[in-house]
Amino acid sequence: MLVTVVDHPVVAAKLSALRDQATTTPEFRRLVDDLVTLLAYEATRSVSVEPVAITTPITTTTGVRLTTPPPLVVPVLRAGVGMLDGLIRLLPAAEVGFAGLARDEETAQPSWYADRLPEDAAGRDVFVLDPMLATGGTLVAVVEALLARGAEAVTCVCLLAAPEGVARVSETFPGDNVSLVVAAIDERLDERSYIVPGLGDAGDRLFGSAPA
């Protein structure tokens with residue numbers, strides 16, 4: 001797996017504000033949106049394009065446009081939905097699928113409850129959105145599902161990652177067909193499999209309430 005930590009002062013400053021427990025829900029949402037847009041510049045660096053002839057006010061020239069079929073963006077429910085606008089801003093033609101997985105708080109293992117992925121993901125740039133890469137179980141499950149549907153490469157965009165999660169995903173996908181773009185890799189997981197120092201439960205902080 002290819003891992004990119006976006007080392008930029010603006011990213012670091014926004015991430016610091018995101019971590020602060022005093023940050024309100026509306027401000028947290030805005031910061032997530034800003035951060036995802038910044039990470040998306042790096043995540044889309046290898047997006048597929050093709051040449052196209054254009055006419056400027058001065059002359060004709062050759063530019064590029066995104067290839068078809070359009071990119072596929074897959075937020076992991078529920079917290080990944082809070083990252084969607086930040087990426088769609090750069091890829092407005094993208095189609096959106098959804099992956100719903102719940103983590104067992106005792107075992108930290110994920111289980112599917114919603115699969116809204118296309119049957120055929122071949123020939124597309126695929127992006128998975130999940131704020132926190134903790135144990136790596138959820139991300140592995142989603143990427144495996146996409147590769148099984150024909151995706152040739154998958155880019156995962158996360159706000160934070162734990163070393164344990166990065167190691168698990170890297171071991172599962174040792175090639176260069178899976179990549180990770182993240183704002184920071186934190187110290188470790190605690191006994192509850194939460195990222196330390198982390199930022200708490202991203203879903204609760206995005207939506208202002210615990211899941212039912």
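So, to kick off: is R30 buried, partly exposed or exposed? R30 is partly exposed, with a relative accessible area of 39%. Keep in mind as we go that what you're looking at is a predicted model.

Let's stay with R30 for a moment. R30 forms a salt bridge with D34, and the closest N and O atoms there are 2.8 Å apart. Both residues sit in helix α2, which covers residues 25-43, and because they're four residues apart, about one helical turn separates them. And that pair has company: K14, E27, R30 and D34 are linked in a network of salt bridges. As a general reminder, side chains of opposite charge can pair when their charged atoms come close.

Okay, how many salt bridges do we get in the model? The count comes to 11. I'll pick out two more of them.

One is R19 with D186, where the side chains meet at 2.8 Å, N to O. This pair links distant parts of the chain: R19 is in helix α1, residues 9-19, while D186 is in the loop between β11 (178-185) and β12 (188-189), and they're 167 residues apart. What about exposure? R19 has 23% relative accessibility, so we call R19 partly exposed. D186 comes in at 8%, so D186 counts as buried, the cut-off for buried being under 20%.

The other is R78 with D204, at 2.5 Å, N to O. Again the pair links distant parts of the chain, 126 residues apart: R78 in the loop between β4 (72-77) and α3 (84-88), D204 in helix α6, residues 202-207. R78 is partly exposed, at 27% relative accessibility, and D204 is partly exposed too, at 25%.

Now, away from the charges. If you turn to the surface, V3, V5 and I185 form a nonpolar patch there, with about 200 Å² of accessible area together. V3 lies in strand β1, residues 2-5. With a relative accessible area of 37%, V3 is partly exposed, and that's over the 30% a residue needs to be in a patch.

Last thing, helix packing. How do the axes of α4 and α5 cross? Helix α4 is residues 137-148 and helix α5 is residues 163-172; their axes come within 9 Å and cross at roughly 25°. That makes α4 roughly parallel to α5, because angles under 35 degrees count as roughly parallel. As for handedness, α4 passes α5 in a right-handed crossing.

That's my tour; over to you.

Terms used
Residues are numbered from 1 along each chain as its sequence is written. This is a predicted model: local features need pLDDT of at least 70, side-chain atom pairs count only at pLDDT 80 or more; totals for chains, interfaces and linings use all residues. Side-chain values use heavy atoms; hydrogens and water are left out. Patches are made of residues with over 30% relative accessible area and no salt bridge: like charges are joined within 9 Å, nonpolar side chains (Val, Leu, Ile, Met, Phe, Trp, Tyr) within 5 Å. Accessible areas come from the Shrake-Rupley method with a 1.4 Å probe; for residues, only the protein chains shown count as cover. A salt bridge is a side-chain nitrogen of Lys or Arg within 4 Å of a carboxyl oxygen of Asp or Glu. Helices (H or I, at least four residues) and strands (E, at least two) are DSSP runs, numbered from the N terminus. Buried means under 20% relative accessible area, exposed over 50%, partly exposed in between (1.4 Å probe, protein chains only). Axes are lines fitted to C-alpha atoms, for helices over the stretch in contact, and angles run from 0 to 180 degrees between N-to-C directions. Angles under 35 degrees count as roughly parallel, over 145 as roughly antiparallel, 65 to 115 as roughly perpendicular and the rest as oblique. A crossing is left-handed if the near helix is turned anticlockwise from the far one by less than a right angle, and right-handed if clockwise.
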